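Q: I want to learn how to read pockets and cavities in a model. Can we work through them one by one?

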Amino acid sequence: MELVKLTIDGQEVQVPAGTTVLEAAEQLGIHIPRLCHDPDLTAVGACRLCVVEIEGMRNLPASCVTMATDGMVVRTDTPQIIEARKTILELLIANHPLDCLSCEKLGDCKLAEYCYQYGVKESPFINPETHSYELEDNNPFIIRDLNKCILCGRCIRACAEMTCNDIIDFSYRGFKTKVGPFGDTTLAESDCVYCGNCVAVCPTGALTEKQMQGKGRRWEYQRVTTTCPFCGTGCNFDLMVKDGKIAGVTSNPESVVNGKQLCIKGRFGWDFVHSDKRLATPLVKVDGKFVPVSWDEAFNTIAERLGEIKEKYGGKAFAALSSARCTNEENYLVQKFVRAVMGTNNVDHCART
């Protein structure tokens with residue numbers, strides 16, 4: 001593997017050829033601000049917030065799309081860079097609602113975080129036009145507030161590269177540019193599969209989870225990492241827990257199996273947990289009606305009925321269908337029971353197809 005050595009803020013680092021300056025800086029623990037960049041998506045260098053100084057270059061290149069070269073000398077926090085970043089942030093908030101106190105994304109908004117870091121409180125740029133898009137909440141899962149969109153393109157690339165659906169893209173031009181499905185329709189009118197991967201990568205309050213609206217600030221939640229129960233893939237995510245109840249699900253970038261990616265079931269199908277229709281005790285049918293019983297009574301009833309069926313009809317009259325929601329050990333026990341106890345090979349699994 002070819003390696004290149006460069007210096008960033010006085011520190012030397014050796015990285016594989018093809019590594020970007022931003023990635024090299026991360027290896028040294030130097031954080032370079034970015035809004036359009038996401039490590040799981042194609043780098044486009046659109047927001048320009050990650051600009052740096054490189055000796056021998058006249059302008060300030062975007063570090064997320066600039067490849068590290070041997071002998072390169074990089075600076076990430078000079079007065080010129082700081083001034084450039086402040087100007088970029090001022091341009092971004094020139095037509096961005098400053099309703100942070102009531103914004104659902106407060107505490108998890110990169111734009112607000114960087115404005116705080118660079119002391120940007122307002123914009124000196126006066127725009128005679130302002131966006132006044134209606135809040136889009138006509139679907140069950142995602143709220144889109146295009147007034148807060150900074151056109152970073154993360155959601156577009158997530159839809160194309162993670163989900164491979166290409167449902168959304170940039171529409172119109174200039175000041176009227178906006179993100180949306182073909183024909184400038186809503187997500188509800190499009191072929192969106194509601195995986196929510198666009199929400200997971202959005203750096204502002206433009207895209208938020210509808211189920212979590214008004215339930216709490218991000219810092220109020222306890223994040224509990226767990227495994228999705230809906231199939232056998234084993235995706236991980238974080239349960240957002242407040243006051244002992246699940247308020248929503250967010251991606252966990254550290255997940256080995258899936259990273260930020262989830263499907264509609266994993267991200268939005270958790271609400272059954274607190275459903276009042278969930279069974280709290282075993283039920284046995286007596287005289288045509290279900291009656292609550294203890295676990296011992298339920299197990300005894302099951303054993304008796306299965307024994308009767310086997311004795312009367314033989315083991316081949318019995319079949320079992322296992323589930324991907326169970327653990328490997330539980331599925332093993334199911335097939336072991338079917339073969340060793342019931343005496344049949346009629347066992348199948350929902351994920352086989």
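Q: What volume does the second largest pocket have?
A: A pocket is an open set of grid points. In this predicted model, the second largest pocket has about 430 Å³. Its lining counts 21 residues, and Leu91, Leu92, Cys149, Ile150 and Leu151 are the closest to its centre.

Q: Which elements supply at least two residues of that lining?
A: Two do: helix 2 (79-92) and strand 7 (178-181). Helix 2 gives the most, with three residues.

Q: How does the lining of the second largest pocket split by class?
A: Take nonpolar, polar and charged in turn. The second largest pocket has 13, seven and one of them, in that order.

Q: Now the largest pocket. How much space lies in it?
A: About 850 Å³. The lining of the largest pocket is made of 35 residues. Nearest its centre lie Lys110, Arg154, Ala200, Pro253 and Lys260.

Q: Which elements give two or more residues to the lining of the largest pocket?
A: Helix 1 (21-27), helix 3 (110-117), helix 5 (197-201) and strand 11 (245-251). Helix 3 gives the most, with four residues.

Q: What classes of residue line the largest pocket?
A: Charged residues number 17. Nonpolar residues number 12, and polar residues six.

Q: What about closed space: how many cavities of 30 Å³ or more does a search of the whole structure find?
A: In a cavity, a probe fits but cannot get out. The search finds two cavities of that volume or more here. The largest cavity has about 150 Å³. Among its 18 lining residues, Cys149, Cys155, Cys202, Ala206 and Leu207 are the closest to the centre.

Q: How do the residues lining the largest cavity divide by class?
A: Into 14 nonpolar, two polar and two charged.

Q: And the second largest cavity: what is its volume, and which residues lie nearest its centre?
A: Its volume is about 110 Å³. The second largest cavity has 14 lining residues. Nearest its centre are Cys159, Ile167, Cys192, Cys195 and Cys198. Helix 4 (154-162) and helix 5 are the elements that give two or more residues to this lining.

Q: What classes make up the lining of the second largest cavity?
A: It has 10 nonpolar and four polar residues, and no charged ones.

Q: Which residues and elements should I look at again?
A: Start with Cys149. It is among the closest residues to the centre of the second largest pocket, and Cys149 is also among those closest to the centre of the largest cavity. Then take helix 5. It gives two or more residues to the lining of the largest pocket, and helix 5 does so for the second largest cavity too.

Technical notes. Residues are numbered from 1 along each chain as its sequence is written. This is a predicted model: local features need pLDDT of at least 70, side-chain atom pairs count only at pLDDT 80 or more; totals for chains, interfaces and linings use all residues. Side-chain values use heavy atoms; hydrogens and water are left out. On a 1 Å grid over the protein atoms alone, a cavity is a set of points where a 1.4 Å probe fits but cannot get out, and a pocket is an open set with protein on both sides within 12 Å along at least five of seven lines; lining residues have an atom within 4 Å of a point. Grid points are joined across faces, edges and corners, and a volume is the space filled by probe spheres set on the points. Ala, Val, Leu, Ile, Met, Phe, Trp, Tyr, Cys and Pro count as nonpolar, Asp, Glu, Lys and Arg as charged, and the others, Gly among them, as polar.
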